[in-house]
Amino acid sequence: MATVSSFVEQLFNGLTLGMVYVLLAAGLSIIFGVMDVINFSHGELFALGAYFALSIVNPLGETGFWIALVVAPLVVGVIGVLIERLTVRPLYGRDPLYHILLTFGLVLIISDLIQLVWGRSQHQLAVPDVLNQSVAVLGVRLSLYSYFMIFVGAVLAVGTWLVLNRTTYGMIVRAGSQDREMVRNLGIDIDSYYTLVFGFGAALAAVGGIVLGGYQNVNPGMGNSVIIPAFIIVVLGGLGSFRGAVFGGLLVGVVQTLTRTYVPFLEGLTIFLLMIAVLLVKPRGLFGNPEWQTTAPEEGELLLGAHGGVFTRETRVKLGAVAVLVLAVAPVILVATGNDYYVSLLNEMLIWAIFALSLDFVMGYAGLVSLGHTMFYGIGAYAAALVMLHLTSSLVVALAGAMVLCALVAWVVGSLSIRVSGVYFAMITLAFAQLFYNAVFKFSWTGGSDGLLGFEAVLGLGGVGVALSEAELTLAGLTITPTMVFYYLALVLAVAALLFARRFMNAPFGSVLRSLSESEERAEFIGYDVTQYKRRAFVISGALAGLAGGLLAANPETFVVSPDQTLYWINSGEVIVMTLLGGMGTLFGPMLGAGVFIGAEDVLATYTEQWRMVIGAVFVLFVLFVPRGLVSVPSLLARRWGERNGSPTGIDDSEVRTDD
């Protein structure tokens, strides 16, 4: 009997958590279903709700909680309206990728703003004493606050459904999601309705943050901790499906709670396994027939970085050679002038440059947006570290092992993921990455949360060679350090990886990939095996990312390989940022973007603790105004100059030249 009571109690706990997920996922699902916008900043709006409530409750006490439950969501709703008006609206009609990138920048801004205003410590959101009492129902004793959370979630879910399905406002919104132009031609300002939808979704998230803040605590990481489960829920239920969000939220809440209690080893793994299994059987989720869905093409315009008009091919080759020459000379000058630290920074740039190159191989050419690409970076780092720890310290073997293992994992993940496309592909790769991230905590041979340490790379093979950390000599008064030796090794591999990727893209294989990104149906009609080409590209990309991860482990300044350092989902977001920042679809552009991103991080971190907020703001501006990336700046400037002087340059932005 006690066992049954305990199970029912855990079931109620799961429903309590599930209702928070329902509030969070319902807002996400409505925004995507109506506006085709994937809002990564939804978790931070969730956290903002809790923090605004904290600021109201602290001075007002118990009464403040009821006021906060109304006022804080309204404030967050207004913030959502401003976000839609100022940043999201200019991107309508583009590929959903740009919404992901834009809202990822907003995540950085809002997260740092929260820490700047409320600090890094966690706080307890005081709830009225009446809600802290425990109540026994059918032998199960729970806090009244748990029932209150279930009640609030249920009322808002039912109310939202009624508004969308039984009111004129809901009818217009649903009609707009089907055909925006038709509604506009009827004289209805559909854009204003969309703005309200975004604000309403943000307010729903804020309510979720408030009720969870009273149940647990309020901390800067709470938005980050719920956004991935929220995405899992909306994909599990079916993107754009309100009933899918409700069902998925309750299901994930219950599964998470029961797993934590009865099968703790699987905690953190089950919801990702569940999502992967569902998508493999039903690629569009459990409720794959959303109540409302745009009739526009699933994927809008994806802007590639390179377009001709400024530099000739010969000039670009010369510029590339000069860049490599500068990179070859730079560490000598830095060491000679006593700036050894910047050699370490260049090492980090080169590693991330290879990582960004690997993503561009599939995202920029095959149109496969991998939101979980950090899994290959992390697996490569762990594979190289494990090889050096248990097999051989040879750097060559460690890097080769990392690339081979990542290629195999990419083949398996790619074979399963390529069955879906667009946003679903992005989400399933994210689920696989989170699966690996959570799995490394479970095993002793991965070092758990502490990671792996005690490994060392040797420059040699078969027991003959010298440890990288001891590779030091003096030439003409200049001391060549292990960091400098690693730098030249990483530089050679980065250039080789670029040439390797470029060779592939200039071959018929690259032409087929580009044709796939333009029209899969046409390529398939001609006779190409679309799935096979995509899988091959994914495998090559995974191997290159594994090389980057292996280099991270081999770096003499890397003392530990940990899950947060290599497999955390933020890494996937950052490498996408680098790719777009430099110029997607150009190969060298993402490598340039990686260097600029890492350099900006380092410079800003020396001046302010809120450097992520600055990076986020810069990134939002780039997404809005320079969507083709840094490599497009020369042609943009040339066109502006030509327009100002009345002598058009003849540069056409629509002319994409991907061999730059």
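Arg536 sits over the face of Tyr533, 5.6 Å from the ring centre, where a charge counts as lying over a ring if NZ of Lys or CZ of Arg is within 6 Å of the ring centre and within 35 degrees of the ring normal. The model is predicted, so that local features need pLDDT of at least 70 and side-chain atom pairs count only at pLDDT 80 or more, while totals for chains, interfaces and linings use all residues. Residues are numbered from 1 along each chain as its sequence is written, and side-chain values use heavy atoms, with hydrogens and water left out.

Across the whole structure, a search finds 30 aromatic pairs, a pair being two rings of Phe, Tyr or Trp (its six-membered ring) with centres within 6.5 Å, called stacked when the planes are under 30 degrees apart, edge-to-face when over 60 and tilted for the rest. Among them are the two edge-to-face pairs tabulated here.

| Pair | Centre to centre | Angle between planes |
|---|---|---|
| Phe52 and Trp118 | 5.7 Å | 85° |
| Tyr341 and Tyr342 | 5.3 Å | 70° |

The pair of Phe52 and Trp118 links distant parts of the chain, 66 residues apart, with Phe52 in helix 2 (residues 42–60) and Trp118 in helix 4 (residues 96–118); helices are DSSP runs of H or I with at least four residues, numbered from the N terminus. Trp118 is buried at 18% relative accessibility, whereas Phe52 is partly exposed at 22%, given that buried means under 20% relative accessible area, exposed over 50% and partly exposed in between (1.4 Å probe, protein chains only). Tyr341 is partly exposed at 45%, and Tyr342 is partly exposed at 38%.

Finally, one aromatic cluster is formed by Phe40, Phe104, Phe231, Tyr437, Phe441, Tyr568 and Trp569.

Technical notes. Helix = DSSP H or I, 4+ residues; strand = E, 2+ residues; numbered from the N terminus.
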